[in-house]
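Student: I have a model open and want to walk through it. Can you take my questions one by one?
Tutor: Sure, go ahead.
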There are 2 protein chains.
Amino acid sequence: MSKINIIFQPEGKRVEVEKEDSILSAALKVGIDLTSICAGKGICGKCKVIIDDTKAVNDLTYKELELLTLEERENGVRLACFTKIKDEVVVKVPEYSRTGKQRLQIEGIETPIKLNPVVKKYYIELEVPTLEDPRADSDRIIDYLHNMFNLSNLSLDYNLIKNLATYVRGADWKFTAVIWQDIIISIEPDDTTDRIFGYAVDIGTTKLAGYIVNLNTSEVVAAGSLMNPQIPFGEDVISRLNHPEQEKLQKVVVEGINQILESLKEKVGVRSKEIYEMTVVGNTIMHHLFLGIFPLYVGRSPYPPVLRSSIIINAKEIGINLHPNAKIMVLPTIAGFVGADTVGVILSTELYKKSEICLAIDIGTNTEVVLGNQDNMMAASCASGPAFEGAHIKFGMRAASGAIEKIKINSKTLDVDYETIDNEPPIGICGSGMIDLVAEMIRTGIIDVGGIFNRQLNNPRVRMNEDKVMEYIVVPSDQTANKRDITFSQKDVSQIILAKAAMHTGVKLLLKNSNIKKEDIQSVFLAGAFGSHINKESARMIGVFPEIDLDKIIAVGNAAGTGARMCLVSKEAKEISDKISEKVNYLELGIDPDFQKIFLNSHIIPYADLDEFPQTSKILKEYNNYPTTPPPRF
Amino acid sequence: MSKINIIFQPEGKRVEVEKEDSILSAALKVGIDLTSICAGKGICGKCKVIIDDTKAVNDLTYKELELLTLEERENGVRLACFTKIKDEVVVKVPEYSRTGKQRLQIEGIETPIKLNPVVKKYYIELEVPTLEDPRADSDRIIDYLHNMFNLSNLSLDYNLIKNLATYVRGADWKFTAVIWQDIIISIEPDDTTDRIFGYAVDIGTTKLAGYIVNLNTSEVVAAGSLMNPQIPFGEDVISRLNHPEQEKLQKVVVEGINQILESLKEKVGVRSKEIYEMTVVGNTIMHHLFLGIFPLYVGRSPYPPVLRSSIIINAKEIGINLHPNAKIMVLPTIAGFVGADTVGVILSTELYKKSEICLAIDIGTNTEVVLGNQDNMMAASCASGPAFEGAHIKFGMRAASGAIEKIKINSKTLDVDYETIDNEPPIGICGSGMIDLVAEMIRTGIIDVGGIFNRQLNNPRVRMNEDKVMEYIVVPSDQTANKRDITFSQKDVSQIILAKAAMHTGVKLLLKNSNIKKEDIQSVFLAGAFGSHINKESARMIGVFPEIDLDKIIAVGNAAGTGARMCLVSKEAKEISDKISEKVNYLELGIDPDFQKIFLNSHIIPYADLDEFPQTSKILKEYNNYPTTPPPRF
C-alpha cells in the first residue's frame, strides 16, 4: 500500500500513514491529544477535526450526517474515526476536540509584591440631587470619592458618561465605582467591591497562556493555555511577520485569547464584566501582531521594533471580551525580537535588582537570554525553533498524558527507564524528555559529541530505519499506547542540537560582550513553558548553556507570565517594567564577528572546546565516551 | 378656495396658502431663502425641497423627472416651483437649496491671547537605523523630538503606531510630526509645518456656527453657519431632551457640523487631514446631545447635568470628518442649562478677571446671563424661545437678504423708515428689526406698556386682520418683495414680550441673589448671534435688561464661539475655562420665591415698576405715551 503524508495543525506535526487509514488512528500514532470517548467506535461524535481539502478524504458518512450539524459540515468538520485518508492533507484539530489533559506548563515563580492594582473599587452612597444641591451627576460622584477616599484628579470614562444618569438612578444612588488609574470606568449597582479581576496573558510563539487574577488578593483563580492559533500561518516568528495577511494573524490570536478566557471564566464563575484590566507579554513579533502593528521591518536588519514603550489600549478596540471599558496594558519591549516577555522575566526573577551577576534563559520557539545585574543588563534573542514543543521531532509531543518526560538509559543494556505524564502508556516524548534523552544518549555512547549515531553498537535498540536513518528505540512497541516503537533518530538529534546551539551561542556572546566570565554567574534562571520540568543536569550536559554549578540553576517556569501577573496587581511593577525596558542593552548576535564560529562550535555536544565543560567531560570519560580525537573546531 | 397650512423646516415656519399654490411661492411669501435662479420658470432645477408626504402634493411632473436623479426622487426631493400644495404638508428645505446669502451673524469679539495651541508641528530628519543603532522607530522619533525641541513625556497615538514603520520609511525618514498635547498623532511626509488648522464649533439651539482657525496665526480663515438640524425634532431644548430618538439627534447635529466644515474647507482649500483639533461650546442640552449623553434628567428638577467638566474625545468616535486621529475638546458646562457656551462667553469677555461688576447676556433660544467679577460670578438660564430667530413671528425671518433689520416709526404719520440687509426689497423682519419695531411701537403709542394695540388710532397702518387680531403694517405690499403687506400683530408682540420677560427676570434675580444694584454694573456684554446688530437703545427700552447707561453696553457678537476659538489657539484658555466652570455659582431661577412675581411684572414694557426705567419713562412722557394709570403689578 502506498504511504501518504498528513499534517496535524496547529502542532505542525507530520505523520506518514497508509492510504485508507483513519485520521483518528493517525492522530493516536503521533500523540495528538484528540478526544475519542468511544475509542473510535463511531458513537461519541467527539473526535471532530477540520479538513479543508475534501477531495483528500472519503465522502461524509451516514453516521457523520447524523452526528454533525449542517453548519459544522459546511465548515469542513469531520469525525476523525470515520474519515479515511486518500491523499496528502492538512488536518486541523480544534481546541474543543482536545483531551485537555495536557499539563498546563504555565506555572511560574511567585514573586512577592505589594498588592496595589491599578483597578480598584469603591462603594458609594450618594445624596439625591435637590434644588439646593443640583450638582452634576459627574461632580456628585467625584466629590464623594474625593471626600470619602481622598482620591484626586478623577474623571469619567466617556462611554460610561453616556448612560451615567440612568445607571446611578437605576441603582438608587447606591453603587460601586470601578476606577482604573484615575478614570471611573464603571458603575455597578450595590456593593461589588469583593469582585474585581484581571487577566494576564503571555503570547508565546507556540503557546498562549492566560491567568485570571483576583485583584483583591493577587491570587490566580484560574489558568489555562492554548496552542497559538497563528501556527498555521507560520511556525516561527520570521514566517509570521512575512505573512501577507497581518490582520488575520491579529484576529486569530485575539480569538485564542478570548477562547482561553471563556473556558477559565466558566470554570471559576467569573464574568467578563468583572474583568477590568488585562496585561500582555510576548516577544516583539507577538507583541506587534497582537497590537496590529505592521511588523515587517522588525524582521529585516537592523531589526528595529516599531514600538518599544508600554502601551495602554481599550480592550474593545481589538475585541477582547472583558468589561466594555476595560484596558489592556501591553508591557514594553526591549529591542530586536527581545520583547515584553523578557521584560516580564527580568521583573519576576528580580534580576534588575540583584547585586550578583545572573543569567536568565527563557526557552521557547524564540529563546531570549539576559545577563547582568542591577548595574548592567544585556539581552539577546536566539532562534531556537519549536523542537522542544514537539515540532519536527518524529515522536515529539506536547506535555500531555502519555508523554515521556524523564529518561534514564542503562549504560550497559541501553534499556530505558522512563516516566510518563499521568503514568499513562507512552505515546511520545515531550521537551524535558528530549533533553534527558539526548543527554543520556551521549552519556551512554549511543551518539558521539558530534551527535552522530555509533553504528558499531551491537544492540537491538539501535538500528537503521527504513529511510536509512539511524534511530534509537526509546520504548518498544509492546509497551507503547499505540503498539508502535517510539524512536529517536539521527534527524531528531540534529533538531535538538540546532536548538541548543542557538541558545548556547546567545549565552556565550552575551558573556563575551558583557566582559563577564561564566564563573562570575551566581544564578541561572531557567524560564519557559517547560522550565519547571527540565532536568537541569541534562540541559547543562548537552550544552544548552555553559557549564555552571547545578545549585546555581533555578527553574522559574513561565516567568514572563508571572511578570504580566505582577503588573496586574501592582502599579509599581508597571513602572519598574518601563524602567527595565529602557535600561537593558540589546545585543544583536549577528553582528558579533565571532557569531558564526561560536554557533558552529556549539553544534558539538556540549561544545567544541570540551575543556569548557569539565563536569560533562568527566562523565563522558567515566563512561568511556570521551572522544579520542578532539571534535572539529572553527 | 380653501386655505391650507404648510410648515417649512428646519425654520418651523408656518404659512397659510391657497390650494394649488406652488411651494416656491409659499416660500417666497414667508421669506424662506430658497434658491431659484430661473425665478420659478422651471429651468434651473435649483429649488429642491424634500417632501415626505407625497399625497399632500401633486405627482412628479415630467420636468422634474428630467431635472432630478432617481436617487433624489426616491428620497422625496421635489422642485418647489413645480410642486402644488393639495393638503397640509411639511416641506424640508435642505441647506444646498438655500441662497446662502444670509448674514453669518457669527462674528464675535476678538480677545487677544498668547498663541500656544495644544496642537503643534515639528519637522524631523532622522538617521536611518543601523546595526549599531537599531532603536525602535518610536524611540527614534521621540528621542529626536526630545533632543532637538526639548519635548518630554511624548508618546504615540495607537492608531499611528500600527502603520508607523511604513509611514517613516515611505517618507524617507524626513517628515513632520503632529503633536497634540504630548501625543504624536500624525506623521506627514516632508515639511508641512505651515499647515495646521483647528475647528471651533458653537452649537446653538437654533444655529450652528463653525470656524476654521489657522493654528500658526490664530486667524479665522473661514467661518460658516447652519440652522441646527435638530430643529425638526423640537424647537426648544425641553422638547429635544424629551425626544425618544436621542441617537438621531446626535447624528443630525454631527452631520450639520460636518456640513459646515465641508463648505468651509472647499472655500479656503483646507483639507480634513490638516485639521487636528476641534473645540465645542453649547448649552448643557446641546453639549449632552452632541456627546450622546442621555439628557433626560437635565430637564427634570433639580436639573443636574450629567457631566460638568471638560472632556476630550476622538473625532472619529462620533464621526466628525477631521484628521483620523484628531481630538475634540468639549468645554465644561456650569450647571442646569448654563453650559459650555456661557463658559465661552465668560472666557472671551474676560468677565472672570474683571475687577468691576459686569453683566453678560448671551441671547439665544435659551438665554444665559452671568453677573459678577473676578471675585464672584453667578449665572442663570432663561427660556427666551426662538422668537428673535424669526420663529412664531408671522413675518419673522433669519437675517438674510431682504430682512428688515432697522426700523424707525414716524410718531405722527406712523410711517416707517427701514433698512434691509443687502438693501433688497423687504421680505420679513429679523431679530434686531423686531426689537427696534417693538421699541418704536411703544414710543409712538401703537401699543401701550402692556403691549396692547391702541384701537383708538385712526391710521391705515393699524388694522384688525381677518383673524380679528390687531396688526401694524410695517411695509405695505407695494414696497415688498412679494407684493404682500409685511405686518406685525398683537400675537407677534406677545412673543417678543415673552422672550424679553424671560431675560429680564433672569437679570433681576441675579442682581437680587448677588446682592448687587443695577447701578453697580459697569459693563453689559450683549452676546449672541445678533448681538452685534442689535440696537442697544431699543433693547434697553423694551426691557430686555434693566436700565443701564448705554455707554456701558457692549455688543460682543458670538462670544461663545470666540471662547471656543480661544481654546483652540491657547492651552492656557483651556485651563481657564475649567476654572471658570468650577467657580461660577449657579442660580436656579425657579426656586427664587420672587420668580413668578418678577416674571409677570416683566410682561410690562419695559417693567411693571416704570420708575426703574427713568430714561424710557422720559421718552414715553415726551411722546405722551406714559400710562395715565400705573400698569398692573404683582
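Student: How many residues of chain B are in contact with chain A?
Tutor: This is a predicted model, to start with. In it, 37 residues of chain B contact 37 residues of chain A.
Student: Which elements of chain B give two or more residues to that side?
Tutor: Three helices and a strand: α4 (137–149), α5 (158–162), α6 (164–170) and β14 (311–314) of chain B.
Student: And what's the mix by class on the side of chain B that touches chain A?
Tutor: It has 22 nonpolar, 9 polar and 6 charged residues.
Student: What turn lays chain B on chain A?
Tutor: A turn of 180°, with a shift of 0.1 Å along the axis. The RMSD is 0.1 Å. That makes the relation one of a two-fold axis.
Student: Which C-alpha of chain B is nearest the axis?
Tutor: That of B:Glu317, 5.8 Å from the axis. Both copies use the same surface, too: 100% of the contact residues of chain B recur in chain A.
Student: Switching topic. At what angle do α11 and α16 of chain B cross?
Tutor: Roughly 120°. Helix α11 covers residues 340–349 and helix α16 covers residues 571–583, and their axes come within 10 Å. The crossing is right-handed.
Student: Which residues meet there, α11(B) against α16(B)?
Tutor: From α11(B), B:Val343, B:Ile346 and B:Leu347. From α16(B), B:Ala573, B:Ile576, B:Ser577, B:Ile580 and B:Ser581. By class, that contact has 6 nonpolar, 2 polar and no charged residues.
Student: Last one: what domains does the assignment give chain A?
Tutor: Domain 1 (3–97) and domain 2 (119–189). Their C-alpha centres are 55 Å apart.

Notes. Residues are numbered from 1 along each chain as its sequence is written. Chains are lettered from A and ligands numbered from 1 in the order in which they are written. This is a predicted model: local features need pLDDT of at least 70, side-chain atom pairs count only at pLDDT 80 or more; totals for chains, interfaces and linings use all residues. Domain bounds come from an automatic or database domain assignment. Two residues are in contact if their C-beta atoms, placed from the backbone, lie within 7 Å. Helices (H or I, at least four residues) and strands (E, at least two) are DSSP runs, numbered from the N terminus. Ala, Val, Leu, Ile, Met, Phe, Trp, Tyr, Cys and Pro count as nonpolar, Asp, Glu, Lys and Arg as charged, and the others, Gly among them, as polar. Copies are superposed by least squares on the C-alpha atoms of residues with pLDDT of at least 70 in both. Axes are lines fitted to C-alpha atoms, for helices over the stretch in contact, and angles run from 0 to 180 degrees between N-to-C directions. A crossing is left-handed if the near helix is turned anticlockwise from the far one by less than a right angle, and right-handed if clockwise.
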